[in-house]
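Here is a note to read with the model open beside you. Take the points one at a time, and find each residue on screen before moving on.

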Amino acid sequence: MSHSRAHRGILLTAGALAAALALTACSGSPKGTSGGGGNTNFVTDVDGIATLPEGKRPAPNELAGETLDGGRIDVADLKGKVVVLNLWGEWCTPCRAEAPHFVKVANELKPEGVEFVGINTRSNKGKSIKFENDFGVPYPSIYDRYGKLVLNGFPKGTVQPQSIPSTLVLDRDGKIAARALKAVSEKELRSMIAPVLAEKAGGQ
């Protein structure tokens, strides 16, 4: 009986720990999982980067708003280009770790028609502007103060609002082709973009 109670206690502790981890902001999903929930057709490899085959890619909902620098952007206007969306917050340590990779790749791939757009979520505006200045971020970020854009801007199961940073790559038709619910390295970021960049609008 005591063994059963002890076993149950261990299971309860493990369950509580799993629940706490699931609610922790600023953390990616575990490697090798499909993640996101819902019927999304994402195929996730061992590195935690998910891809969608052409013909099975959903389009995001409206992703538009005021940028941190006071401008305005609508991601739909970038159709015809490969677009990299980075969901980030100035409060997020992994976001700081991946920022130099995004700056480098954004600068290098802009001449090839790749546009980067940040979605700055649940953040302090002043601190977020400082973050961009500190890292020399060359692309705009939509200011999503309360996280509504992250919550409503994507089809169900595409992103996890608690998984910040997250990165999505849109193909030239404006559809979601790749996703990472974690911080990514330069190599991982390039591996998400390269296959999409090699495609033509409207399919191969």
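1. **A buried arginine.** Let us begin with arginine 179, which is buried, because its relative accessible area is 2% and buried means under 20%. Please keep in mind from the start that this is a predicted model. Arginine 179 sits in strand E9, which covers residues 176-180. What does its side chain meet there? A polar atom of the side chain of arginine 179 lies 2.8 Å from the backbone oxygen of threonine 158.

2. **A second buried arginine, in a loop.** Now look for arginine 57, in the loop between strand E2 (49-51) and strand E3 (64-66). Is arginine 57 buried or exposed? With a relative accessible area of 11%, arginine 57 is buried. Its side chain has two acidic residues to find on your screen. One polar contact, of 2.9 Å, links the side chains of arginine 57 and aspartate 171. In another, of 2.8 Å, the side chain of arginine 57 meets the side chain of glutamate 199.

3. **The other neighbours of arginine 57.** Leaving out residues up to four places away in sequence, arginine 57 touches Leu52, Asp171, Lys175, Ile176, Ala177 and Glu199. You can also compare sequence and space here: arginine 57 and aspartate 173 are 116 residues apart in sequence, while their C-alpha atoms are 9.8 Å apart.

4. **The whole protein.** It helps to step back now. The protein has five helices and nine strands. Reading from the N terminus, the elements follow the order α-β-β-β-β-β-α-β-α-β-α-β-β-α. Of its 204 residues, 45% count as buried. Among contacts with a separation of 6 or more, 70% are between residues 24 or more positions apart.

5. **The two sides of helix H3.** Next, turn to helix H3, residues 125-135, where Ser128, Phe131 and Glu132 are buried. Why do these buried residues line one face of the helix? Seen down the axis of H3, they fall within an arc of 95°, so they share one face. A general rule helps here: an α-helix has 3.6 residues a turn, so residues three or four places apart point the same way. The face of H3 turned away from the buried side carries Lys127, Lys130 and Asn133, which are exposed.

6. **What H3 packs against, and its ends.** The buried residues of H3 pack against strand E5 (82-88), H2, strand E6 (114-121) and strand E7 (141-144). At the start of H3, a side-chain oxygen of asparagine 124 comes within 3.0 Å of the backbone nitrogen of glycine 126. Just after H3, look for glycine 136, which has a positive phi of about 65°.

7. **Valine 103 and the region after H3.** Valine 103 belongs to helix H2, residues 93-109, and is buried, with a relative accessible area of 11%. Which residues does valine 103 touch, not counting residues up to four places away in sequence? They are Phe135, Gly136, Val137 and Pro138. Valine 103 and phenylalanine 135 are 32 residues apart in sequence, yet 7.5 Å apart in space from C-alpha to C-alpha.

8. **The largest cavity.** A search of the whole structure turns up three cavities of 30 Å³ or more. The largest cavity has a volume of about 80 Å³. Its lining includes Val103, Phe131 and Glu132, so you have met some of these residues already.

9. **Who lines that cavity.** E5, H2 and H3 each supply at least two residues of the lining of the largest cavity. Which element gives the most to this lining? That is H2, with four residues. Sorted by class, the lining of the largest cavity has eight nonpolar, two polar and one charged residues.

10. **An open pocket to finish.** The second largest pocket holds about 180 Å³ of space. It is lined by 16 residues, and Pro60, Val75, Ala76, Leu170 and Gly174 lie nearest its centre. The lining of this pocket has eight nonpolar, two polar and six charged residues.

Conventions:
Residues are numbered from 1 along each chain as its sequence is written. Side-chain values use heavy atoms; hydrogens and water are left out. Buried means under 20% relative accessible area, exposed over 50%, partly exposed in between (1.4 Å probe, protein chains only). Contact means heavy atoms within 4.5 Å. The arc is that of the directions from the helix axis to the C-beta atoms. A polar contact is a pair of N or O atoms within 3.5 Å; within protein, one must be able to donate a hydrogen and the other to accept it, and residues adjacent in sequence count only if both atoms are side-chain atoms. On a 1 Å grid over the protein atoms alone, a cavity is a set of points where a 1.4 Å probe fits but cannot get out, and a pocket is an open set with protein on both sides within 12 Å along at least five of seven lines; lining residues have an atom within 4 Å of a point. Grid points are joined across faces, edges and corners, and a volume is the space filled by probe spheres set on the points. Ala, Val, Leu, Ile, Met, Phe, Trp, Tyr, Cys and Pro count as nonpolar, Asp, Glu, Lys and Arg as charged, and the others, Gly among them, as polar.
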